[in-house]
Amino acid sequence: MSDDKIWANSGDSHYMEPPDLYNQLPEHLRERMPRTVRDEERGVETIIVDGASFERPIPKPVTPEQLLRNAARPLEDDLDESEGQVRAPGALDPNLRLVDLDQEGVWAEAIYPSLGTWTFNIRTPEVVREGCRISNDFFIDFQRHSPRYVVAASIPLLDTADTVAEIRRCAALGFKLGFFSVKPPTGRPDWHYNDEWEPVWEALEQNGMVLGFHIGTEPVDPRGRIGLYHRGPGGAVLNYVETTYGGQRAVSQLIACGALDRHPDLRVLVSEGGATWGPFLADRMDEGYRQHGAAVRPRLSRLPSEYLYEQVYASFQHDRSAVLANTALGWKNVMWGSDYPHYEGTYGHTQKTLHELFDDCPSADSYRIRIGAFQELFPHVPAAPGGVQPG
Ligand code: MN
């Protein structure tokens, strides 16, 4: 394995919200914004949002020993073990973050919320509208620290007029990416109901904002369960696998209802969900479109697979098969992502992961997956160092 540093853009990264983010909101709104309370003894975290609360097991932190085992270089100085967690130092701080990125070999990033993923569980339009506004005003300043940051705007999804207004406002502020849950909030129709969502796709397309679905963002169901929550043998792996399906479902809805047909400039990014599903889904949709053609409404201008291959992008972290989705299956919109600073991510072993994925990959394909696909989606971002890597 080569020791050369290789660079990659990340289609999946996160910021951590400061604890006082919502302090400017009036009291009656502030108390309804998401917050978490950790009970280390019971090993559960309670998420409190808009008057409801639900528990989930505290994700087990990667131990320093595990990270060191995976690391391409010594890490002792980077580990912050406060509260038993290993934290990337730059998760909260936009200046320290650049140090982390340079060290890992990550150039530019699509940056999603962390705590803000729970805002899709808010039930009150005013609460989500004002909460997203406060968050976006804070994180546009975060984005301004570096042209390498592509921060996702938080989008309120309870009222279509609010959704469109915040997309327009955020685009004017300089956001290039809008953060959507893979499934609309409880009580709202799914993404393929055109009467409801058409103005939203139109606003995204007109304002040059990429539609960003981050996986694992389904709203909590009415029984207070997070996603499809499995207990019993294999539960941890089953739950992790469950999180990947939502992004695929959202993409199939957008294609089948004709949204991507009507909006050829709309681009969709599915972050953290792997990539090999793209060609698989394209084939399934084409088969359905053709074999069940008599029942297909609406008719599309092209085959479903063509929208997926051209307008949909996906990020992965470790999956070896994802590289083959590009090189062997021909989906050129596959991109890498770090998931910084989350546990599923590559922080601490990014170079090792990149070398394992790309040392044997043809250089033009490697460049496309690491850098080119991201750059196509966000052409305003300055070019990554290094140019095309030697094969
Ligand atoms: Mn992520």
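The manganese ion in this predicted model is held by five residues: D12 and D339 through OD, H14 and H214 through NE2, and E272 through OE, at 2.1 to 2.2 Å. Read along the chain, the donors follow the spacing D-x1-H-x199-H-x57-E-x66-D. The pair at the start of that pattern sits out of reach of solvent by the usual accessibility cut-off, as D12 and H14 are both buried.

Now for the strands around H214. Which residue stands opposite H214 in β9? That would be S271. H214 belongs to strand β8, residues 210-214, and β8 runs parallel to β9, with four bridges joining the two. On its other pairing, β9 runs parallel to strand β10, residues 312-316, and here three bridges do the joining. In that second pairing, V270 of β9 stands opposite A314 of β10.

So is β9 open on one face or covered on both? Strand β9 spans residues 268-271 and is covered on both faces: V268 and V270 point to one side, L269 and S271 to the other, and all four are buried. S271, then, is a buried residue of β9 and also the partner across from the manganese ligand H214.

On to the helices. Two packed helices are described by the angle between their axes and the distance between the axes. Here are two such pairs:

| Helix pair | Angle between axes | Distance between axes |
|---|---|---|
| α9 (residues 277-291) and α10 (residues 304-311) | about 155 degrees | 7 Å |
| α5 (residues 160-173) and α6 (residues 194-206) | about 5 degrees | 9 Å |

Angles over 145 degrees count as roughly antiparallel, so α9 and α10 are roughly antiparallel to each other. On the α9 side, the contact is made by W277, G278, P279, L281, A282, M285, D286 and Y289, and they meet P304, S305, L308 and Y309 of α10. By class, that contact has nine nonpolar, two polar and one charged residues.

The other pair goes the opposite way: angles under 35 degrees count as roughly parallel, which makes α5 roughly parallel to α6. What does α5 bring to meet α6? T160, T163, V164 and I167 do the job, meeting E196, P199, V200, A203 and L204 of α6. The class count for this contact is six nonpolar, two polar and one charged residues.

Note on methods. Residues are numbered from 1 along each chain as its sequence is written. This is a predicted model: local features need pLDDT of at least 70, side-chain atom pairs count only at pLDDT 80 or more; totals for chains, interfaces and linings use all residues. Side-chain values use heavy atoms; hydrogens and water are left out. Donors are N, O and S atoms within 2.8 Å of the metal (3.2 Å for Na, K and Ca); water is not among the atoms, so sites may look incomplete. Buried means under 20% relative accessible area, exposed over 50%, partly exposed in between (1.4 Å probe, protein chains only). Two strands pair if DSSP finds at least two bridges between them. Axes are lines fitted to C-alpha atoms, for helices over the stretch in contact, and angles run from 0 to 180 degrees between N-to-C directions. Angles under 35 degrees count as roughly parallel, over 145 as roughly antiparallel, 65 to 115 as roughly perpendicular and the rest as oblique. Contact means heavy atoms within 4.5 Å. Ala, Val, Leu, Ile, Met, Phe, Trp, Tyr, Cys and Pro count as nonpolar, Asp, Glu, Lys and Arg as charged, and the others, Gly among them, as polar.
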